[in-house]
Amino acid sequence: MTTVPTSPVDTGTREQDLLHEVADGVGALMEFWGFKRVMGRVWTLLYLRGDALSAAELCDQLSISSGAASMALSELEHWAVVRRIRRQGDRREYFEAETDIWKMISRVLRERELQQIDRVLEVFDRAREKLRAMATGSERNRLEEMLERLGKLADLARVGRGLLIAMVQQGRVDLGPLMRFARPRRT
């Protein structure tokens with residue numbers, strides 16, 4: 001069996017196809033996490049290339065509109081996963097990817113997930129106060145059971161919050177509290 005040598009054009013096309021495949025995979029993952037798919041595609045291309053690219057180059061290489069590129073780049077800048085740079089003697093703006101993946105993930109955990117947990121804990125606390133005030137008379141037993149279950153939800157949220165804080169601040173997690181929570185209490 002003979003092998004046919006590949007031309008630089010073939011290699012470039014195969015590389016572009018692989019970049020698109022990976023960018024699409026990361027885009028799908030980012031979409032699963034609640035971000036726009038195009039954000040994952042843009043960041044991935046910048047990250048894998050390792051070079052700063054202009055918005056026009058991103059549009060061309062990813063086959064996206066300038067509007068889609070502009071919105072994605074703006075959101076990626078907000079999350080500090082890409083930064084805008086200038087090249088001397090060139091009026092265009094270029095974009096490069098943040099390469100510290102843990103830095104990116106910890107920012108999202110800190111600014112999005114932790115805030116969401118804090119909001120739900122506030123809801124739980126308000127609901128618990130209202131349930132305590134309502135837990136009188138014939139409905140007392142049912143409302144106290146609901147209050148206990150709401151307390152368990154709040155405990156779970158606090159464990160999740162603690163895990164996220166440990167991950168963000170220390171880069172490590174102690175699963176002991178989660179294991180204690182996961183074991184059912186013996187009555």
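# Notebook: loops, sheet and pocket

Ala80 is partly exposed, and I read its relative accessible area as 32%. I found Ala80 in the loop between α4 and β2. Its phi caught my eye: Ala80 is not a glycine, yet its phi is positive, about 60°. A reminder to myself before going on: this is a predicted model.

**Another positive phi.** I then looked up Ser63, which is also not a glycine and has a positive phi near 55°. Ser63 sits in the loop between α3 (55–62) and α4 (66–78). Is Ser63 buried or exposed? With a relative accessibility of 65%, Ser63 counts as exposed, because the cut-off for that class is over 50%.

**Overall layout.** I stepped back to see the whole chain. I noted 7 helices and 3 strands in the protein. Reading from the N terminus, I wrote the order down as α-α-β-α-α-β-β-α-α-α. The protein has 187 residues, and 30% of them count as buried. I also looked at contacts between residues at least 6 apart in sequence: 52% of these join residues at least 24 apart.

**The sheet.** In what order do the strands lie? I found an open sheet of 3 strands, ordered β1-β3-β2 and paired antiparallel. β1 (53–54) and β2 (82–86) are at the edges with a single partner strand each, so each has one side without a neighbour in the sheet. For the β1 and β3 pair, which is antiparallel, I noted 2 bridges. One residue I followed across was Leu53, whose bridge partner in β3 is Phe95. Helix α2 (residues 37–49) packs on this sheet and touches β1, β2 and β3. The direction of α2 makes about 80° with that of β3.

**Asp100.** Next I went to the loop between β3 (93–97) and α5 (101–134), where Asp100 is found. I have Asp100 down as partly exposed, at 36% relative accessible area. What does the side chain of Asp100 reach? One of its polar atoms lies 3.2 Å from the backbone nitrogen of Trp102. I also checked Asp100 against Val81, 19 residues away along the chain, and their C-alpha atoms are 8.8 Å apart.

**His20.** I moved on to helix α1, which holds His20. His20 has a relative accessible area of 19% and is buried, because the cut-off for buried is under 20%. I noted that this value sits just inside the class, at 19%. Which residues does His20 contact, leaving aside neighbours within four places in sequence? I listed Arg41, Gln61 and Leu62. For Gln61 I have a distance too: its backbone oxygen lies 2.6 Å from a polar atom of the His20 side chain.

**The largest pocket.** My last stop was the largest pocket, which holds about 370 Å³ of space. I counted 17 lining residues in the record of this pocket. Which of them lie nearest the centre? I wrote down Met30, Trp33, Met104, Ile105 and Val108. Helices α1 (8–32), α2 and α5 each give at least two residues to the lining. The largest share is from α5, with 7 residues. So that I can find α2 again: this is the helix that also packs on the sheet.

Methods:
Residues numbered from 1 in each chain as written. Predicted model: local features only at pLDDT ≥ 70, side-chain atom pairs only at ≥ 80, totals over all residues. Heavy atoms only, no water. Helix = DSSP H or I, 4+ residues; strand = E, 2+ residues; numbered from the N terminus. Buried < 20%, exposed > 50% of the residue type's maximum accessible area, 1.4 Å probe, protein only. Polar contact = N/O pair within 3.5 Å; in protein donor to acceptor, adjacent residues only side chain to side chain. Pairing = 2+ DSSP bridges. Contact = heavy atoms within 4.5 Å. Axes fitted to C-alpha atoms, helices over the stretch in contact; angles between N-to-C directions. 1 Å grid on protein atoms, 1.4 Å probe; cavity = no way out; pocket = protein on both sides within 12 Å on 5 of 7 lines; lining within 4 Å. Points joined across faces, edges and corners; volume = space filled by probe spheres on them.
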